[in-house]
Amino acid sequence: MLNLDNFYKARYVLQQVIRPTDLIRAPRINPAADIYLKPENLQVTGSFKVRGAYYKISQLSEAEKAKGVIACSAGNHAQGVALGAQRNGIKSIICLPSVAPISKVEATRALGAEICLVPGVYDDAYKHAIELRDEHGYTFVHPFNDENVIAGQGTIGLEMLDQLPDVENVIIPIGGGGLISGVAFAIKSLNPRIKVYGVQAEGAPSMVKSVEQGSIITLPKVQTIADGISVKSPGDLTFDICSKYLDGIATVSEDEIAAAILALIEQQKLIAEGAGAVSVAAAMFNKFPIAGQKTICLVSGGNIDVTILNRVISRGLAKSGRVFTFVVELDDRPGQLVGVSEIVSRLGGNVVSVVHERNDDARQVTACQLRMKVETRNQEHIDEILSALKNNGFNLI
């Protein structure tokens with residue numbers, strides 16, 4: 001059974017290892033609400049995960065510490081366990097799927113962990129970790145379905161109440177449910193009037209589906225840029241807590257996640273991974289009734305793979321109406337390109353690229369197609385340009 005005293009104990013233990021993360025007011029995220037960010041992307045190891053992992057390891061017996069710990073993770077939990085073991089002076093083994101990004105593998109190795117790369121995907125790495133645990137007597141540090149891990153994550157809830165006592169809503173990412181279980185239990189125990197909302201990616205809605213159905217389900221597959229919350233099935237402990245304490249769960253699309261990552265970069269100068277940005281996406285796109293209310297969005301991590309950051313930003317620009325591409329069919333005669341460019345320029349659009357093609361499948365034999373990518377301010381600006389093109393007789397495809 002969870003006990004709030006354990007949360008306060010975890011808070012005391014964690015003082016020696018975690019970095020305090022102050023709230024950041026973010027009025028532009030959703031002008032209709034009073035938004036604050038809890039930037040755990042600035043935490044040591046770049047994620048909240050160190051809280052639960054370190055506290056779990058700190059509570060092991062001397063006999064358990066002597067044998068060491070083992071975990072399975074392709075990301076933030078691996079680094080949290082590695083740091084927790086290093087600070088407690090014990091051995092750690094991290095099983096990772098062989099397809100894990102090199103940057104995350106090396107970051108975990110740099111924290112002193114012994115790396116075990118397992119051919120296949122996460123499930124294969126998990127199976128091998130359990131086999132090694134049974135063979136050598138290691139303690140398995142579960143990423144979410146563990147009371148001490150939940151207590152460690154729940155220290156964030158205690159901090160939120162200290163930093164903004166009159167908060168009305170908190171929005172938390174959900175993967176396996178360890179983070180939101182801890183935050184929800186802490187907040188609801190101390191102030192049940194505060195609303196606690198959870199967010200999952202559309203491509204990995206395991207907790208949403210489980211709560212809706214009233215029992216734990218396992219998804220056949222998960223696919224999302226929010227890899228930190230890409231979990232096929234929640235834990236039994238976290239499912240029970242979420243079913244009891246949450247005021248709502250929503251999902252956000254890949255484009256909404258990308259737009260949130262972009263907004264955090266531009267507006268707050270913060271780098272968030274997909275999993276860390278889903279709470280902000282939910283606030284930006286009005287997934288919950290937060291208008292006019294003080295709301296904290298937990299940015300849970302910032303360990304985004306830089307090799308995909310450019311693509312994420314491009315998606316975010318498109319979703320936010322900052323760039324758009326249109327195709328117009330033109331008569332193949334001099335001056336047509338000038339006419340289109342003049343309209344875009346007059347209305348303040350910035351041309352990024354132009355492709356002019358003569359296609360055999362054009363409606364008219366003498367027609368050609370112009371594809372133009374334009375930098376814009378927002379969706380209203382896009383609509384203004386498109387309307388002007390139509391009003392000037394240009395045929396948009």
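Student: Which residue in strand 13 is the bridge partner of V354?

Tutor: In this predicted model, V354 has M372 of strand 13 as its bridge partner.

Student: What makes strand 12 and strand 13 a pair?

Tutor: Strand 12 (residues 350-357) and strand 13 are joined by 7 bridges. A pair requires at least two bridges, so the condition is met. The two strands run antiparallel.

Student: How do you know that strand 11 is also paired with strand 13?

Tutor: Between strand 11 (residues 323-331) and strand 13 (residues 367-375) there are 9 bridges. The requirement is at least two, and therefore these strands pair as well. Their direction is antiparallel, and F324 has V374 of strand 13 as its bridge partner.

Student: Why is the contact between D34 and R25 called a salt bridge?

Tutor: The N to O distance between the two side chains is 2.9 Å. The cut-off is within 4 Å, so the contact qualifies.

Student: Is D34 buried or exposed?

Tutor: D34 has a relative accessibility of 16%. Buried means under 20%, and therefore D34 is classed as buried.

Student: What makes K56 and D146 a salt bridge, and where do the two residues lie?

Tutor: Their closest N and O atoms are 3.0 Å apart, which is within the 4 Å limit. K56 belongs to helix 2 (residues 49-58), whereas D146 is in the loop between strand 6 (139-140) and helix 7 (147-163). The pair links distant parts of the chain, 90 residues apart.

Student: Why do K56 and D146 count as buried?

Tutor: The relative accessibility is 14% for K56 and 15% for D146. Both residues are classed as buried because the threshold is under 20%.

Student: How do you know that E106 and R109 are separated by about one helical turn?

Tutor: E106 and R109 are 3 residues apart in helix 5 (residues 102-110), which means about one helical turn between them. Their side chains meet in a salt bridge with an N to O distance of 3.5 Å, within the 4 Å cut-off.

Student: Why are E106 and R109 called partly exposed?

Tutor: E106 has a relative accessible area of 39%, and R109 has a relative accessible area of 39%. Buried requires under 20% and exposed over 50%, so each residue falls in between.

Student: How many salt bridges are there, and which residues are linked in a network?

Tutor: The count is 15 salt bridges. K38, E40, R51 and E159 are linked in a network of them.

Student: Why is the pair of Y126 and F140 called edge-to-face?

Tutor: The angle between the planes is 85°; the class begins over 60 degrees, so the label applies. The centres are 5.7 Å apart, inside the 6.5 Å limit for a pair. With Y126 in helix 6 (residues 122-136) and F140 in strand 6, the pair ties together parts 14 residues apart in sequence. Y126 is partly exposed, at 33%, and F140 is buried, at 12%.

Student: What makes the pair of Y197 and F288 stacked?

Tutor: Their planes are 15° apart, and stacked means under 30 degrees, so this pair is stacked. The distance is 4.4 Å centre to centre. Y197 is in strand 8 (residues 195-201), and F288 is in the loop between helix 12 (274-284) and strand 10 (294-299), 91 residues apart. Both Y197 and F288 are buried.

Student: Which residues have the most contacts inside the largest nonpolar core?

Tutor: F7 and M160 have the most contacts inside this core, which has 62 residues. Helix 8 (residues 178-190) gives the most to the core, with 7 residues. Beyond its neighbours within four places in sequence, M160 is in contact with residues including V170, I172 and V183. F7 also forms one aromatic cluster with F185 and Y245.

Student: Why is the contact between the side chains of D236 and N145 called a polar contact?

Tutor: The distance is 2.7 Å, and the limit is within 3.5 Å, so the distance condition is met. D236 lies in helix 10 (residues 236-245) and is partly exposed, with a relative accessible area of 47%.

Notes: Residues numbered from 1 in each chain as written. Predicted model: local features only at pLDDT ≥ 70, side-chain atom pairs only at ≥ 80, totals over all residues. Heavy atoms only, no water. Core = buried A, V, L, I, M, F, W, Y, C linked by side-chain atoms within 4.5 Å. Buried < 20%, exposed > 50% of the residue type's maximum accessible area, 1.4 Å probe, protein only. Helix = DSSP H or I, 4+ residues; strand = E, 2+ residues; numbered from the N terminus. Contact = heavy atoms within 4.5 Å. Phe/Tyr/Trp six-rings, centres within 6.5 Å; stacked < 30°, edge-to-face > 60°. Polar contact = N/O pair within 3.5 Å; in protein donor to acceptor, adjacent residues only side chain to side chain.
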